[in-house]
Amino acid sequence: MEILKKAMEGIGVLDEVSMKRAQERLDSLTKPRGSLGVLEELAVKVAGIKKDVFPRINNKVVVVMAGDHGVVEEGVSAFPQEVTPQMILNFLSGGAAINVLSRHEGAKIVCVDVGTAADINHPALLVKKVKKGTDNMTKGPAMSREEAIKAIEVGIETAWEVIDKGAELIATGDMGIGNTTPSSAILAVYADEPIENLVGRGTGVDDERLLKKINAVKKAIKVNKPDPGDPVDVLSKVGGLEIGAIAGCIIGAASRRVPVIIDGFISTAGALIASKIEPKTVYFMIPSHVSQEPGHKVMLKLLGLEPMLHMNMRLGEGTGAVLAMNLVDAALKIIKEMATFEEAGVSKEL
Ligand SMILES: O=C(O)c1ccc[n+]([C@@H]2O[C@H](COP(=O)([O-])O)[C@@H](O)[C@H]2O)c1
Ligand SMILES: Cc1cc2nc[nH]c2cc1C
């Protein structure tokens with residue numbers, strides 16, 4: 001609890017002075033005012049986060065949090081649980097989509113085992129296992145309150161470690177067969193919509209499994225009665241270990257004023273938990289894409305975040321977030337490298 005407390009105490013607000021300066025600089029550049037739309041908003045937001053109009057972002061890291069889910073017993077995924085450790089090994093040997101996109105973007109991957117059921121041995125894997133997979137949330141809480149706090153603290157410490165090693169921009173990622181089910185359950189606690197609208201096909205479940213998923217979310221909420229006023233209670237009862245660690249990673253990044261790009265449905269469930277623990281974390285979040293999971297739009301709306309990319313993606317791993325790093329790079333180049341009206345001798349607005 002000490003780590004979470006310390007991190008929360010460190011979370012501030014956006015720096016208004018830097019944001020005003022960034023906006024003035026953008027308005028002085030050779031383009032009609034506001035014509036670069038979201039790129040301008042991004043440059044202003046990053047200035048507010050970093051307290052710097054021309055922040056340097058060279059060192060980018062995607063943190064992939066992995067965990068397993070007892071609720072897979074209910075037949076909620078299209079894939080078996082063994083895929084979680086198998087994909088982790090794929091990440092570590094460079095063959096997954098996140099590896100390709102991270103190489104493309106020049107980002108480093110840090111993979112953390114927060115709670116897989118298997119024992120995975122690899123020198124590059126950070127093993128910070130809180131529990132060997134959650135318990136089946138349709139029968140009782142997914143984890144204890146202490147385990148939920150531990151998972152969040154794993155995320156905070158991981159963020160602090162990568163920042164101490166130089167990370168200037170963090171992207172969140174996840175791996176965990178079954179994790180769209182707890183993500184929907186978390187969303188169901190906060191959204192004012194029928195559960196049917198908040199549950200999607202995840203890895204690609206058929207109609208029969210989709211029905212099992214909807215019923216699993218309904219049952220998990222009925223059995224556990226998560227308290228919406230207590231986000232740690234929600235995480236412990238119907239969440240996941242990697243979801244908690246993602247929430248922690250966001251809290252940790254916010255506490256050090258490092259912008260954090262939020263990936264798809266699972267990462268945004270983590271972001272929702274982070275925002276309920278400390279609403280100021282939202283200032284430090286940069287949305288990336290909107291996933292094909294139907295609940296993702298609802299989650300982003302609850303957070304007040306507008307996705308930048310519409311790519312029909314639904315992979316997770318941090319793939320959408322890493323793609324959006326490019327947009328952050330572009331925004332910072334615009335504010336730094338474009339000529340002003342004065343410099344270029346271009347006539348100003350009448
Ligand atoms: O991030 C998303 O929007 C997303 C949407 C659907 C599936 N996934 C990935 O697929 C896995 C979860 O899907 P499922 O069907 O097993 O719940 C997990 O490893 C996620 O990273 C991710
Ligand atoms: C192959 C595969 C890769 C993934 N990456 C993230 N979730 C995944 C789920 C599956 C099934």
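A residue is called buried here if 20 or more other C-beta atoms lie within 10 Å of its own, with C-beta atoms placed from the backbone. This definition is needed for the first stop of the tour, and it applies to a predicted model.

**Stop 1: strand β1**

Select residues 60-67, which form strand β1. K60, V62, V64 and A66 point one way from the strand, while V61, V63, M65 and G67 point the other way. Are these residues buried or exposed? Every one of them, on both sides, is buried. Because 8 of the 8 residues of β1 are buried, the strand is largely enclosed by the rest of the structure.

**Stop 2: the partners of β1**

Keep β1 displayed and add residues 107-115, strand β2. β1 and β2 pair in the parallel sense over 8 bridges. To find one of these positions, select V63 in β1 and its bridge partner V110 in β2. Next add β4, residues 169-175. β4 pairs with β1 in the parallel sense as well, over 7 bridges. Here V64 stands opposite G173 of β4.

**Stop 3: the whole sheet**

Now display the remaining strands. The open sheet has 6 strands, in the order β3-β2-β1-β4-β5-β6, and their pairing is parallel. Which strands stand at the edges? They are β3 (126-127) and β6 (285-287); each has a single partner strand, so one side of each is left without a neighbour in the sheet. At the β6 end, select β5, residues 260-262, which runs parallel to β6 and is joined to it by 3 bridges. I261 has I286 as its bridge partner in β6. As a general point, strands of a sheet pair through backbone hydrogen bonds, either parallel or antiparallel.

**Stop 4: the nonpolar core**

Select V64, V112, I170 and I250. Of the 110 residues in the largest nonpolar core, these four touch the most other members. Helix α10, residues 241-255, gives the most to this core, with 10 residues. The core draws at least three residues from each of domain 1 and domain 2. Centre the view on V112. Leaving aside neighbours within four places in sequence, V112 is in contact with several residues, including V63, V64, M65 and A66, and also L126, V154 and A245. In soluble globular proteins, nonpolar side chains tend to be buried together.

**Stop 5: the two domains**

Colour residues 2-55 and 334-344 as domain 1, and residues 60-326 as domain 2. The C-alpha centres of the two domains lie 28 Å apart. Where they meet, 13 residues of domain 1 are in contact with 18 residues of domain 2. On the domain 1 side, α1 (2-9) and α3 (37-50) each supply at least two residues. The largest share of that side, 5 residues, comes from α3. By class, the side of domain 1 that touches domain 2 has 10 nonpolar, 1 polar and 2 charged residues.

**Stop 6: the ligands**

Select ligand 1. It is surrounded by 24 residues, of which the closest are S77, G202, G264, S291 and G316. Which elements each supply at least two residues of this shell? Among them are β4 (169-175), α7 (180-190) and α11 (265-277). The shell around ligand 1 has 7 nonpolar, 12 polar and 5 charged residues.

Finally, select ligand 2. Around ligand 2 are F79, V83, M87, M175, T203, L315, G316 and E317. This shell divides into 5 nonpolar, 2 polar and 1 charged.

Note on methods:
Residues numbered from 1 in each chain as written. Chains lettered and ligands numbered in written order. Predicted model: local features only at pLDDT ≥ 70, side-chain atom pairs only at ≥ 80, totals over all residues. Near = placed C-beta within 6 Å. Nonpolar A, V, L, I, M, F, W, Y, C, P; charged D, E, K, R; others polar. Helix = DSSP H or I, 4+ residues; strand = E, 2+ residues; numbered from the N terminus. Buried ≥ 20, exposed ≤ 12 C-beta atoms within 10 Å, placed from the backbone. Pairing = 2+ DSSP bridges. Domains from an automatic or database assignment. Contact = placed C-beta atoms within 7 Å. Core = buried A, V, L, I, M, F, W, Y, C linked by C-beta atoms within 7 Å.
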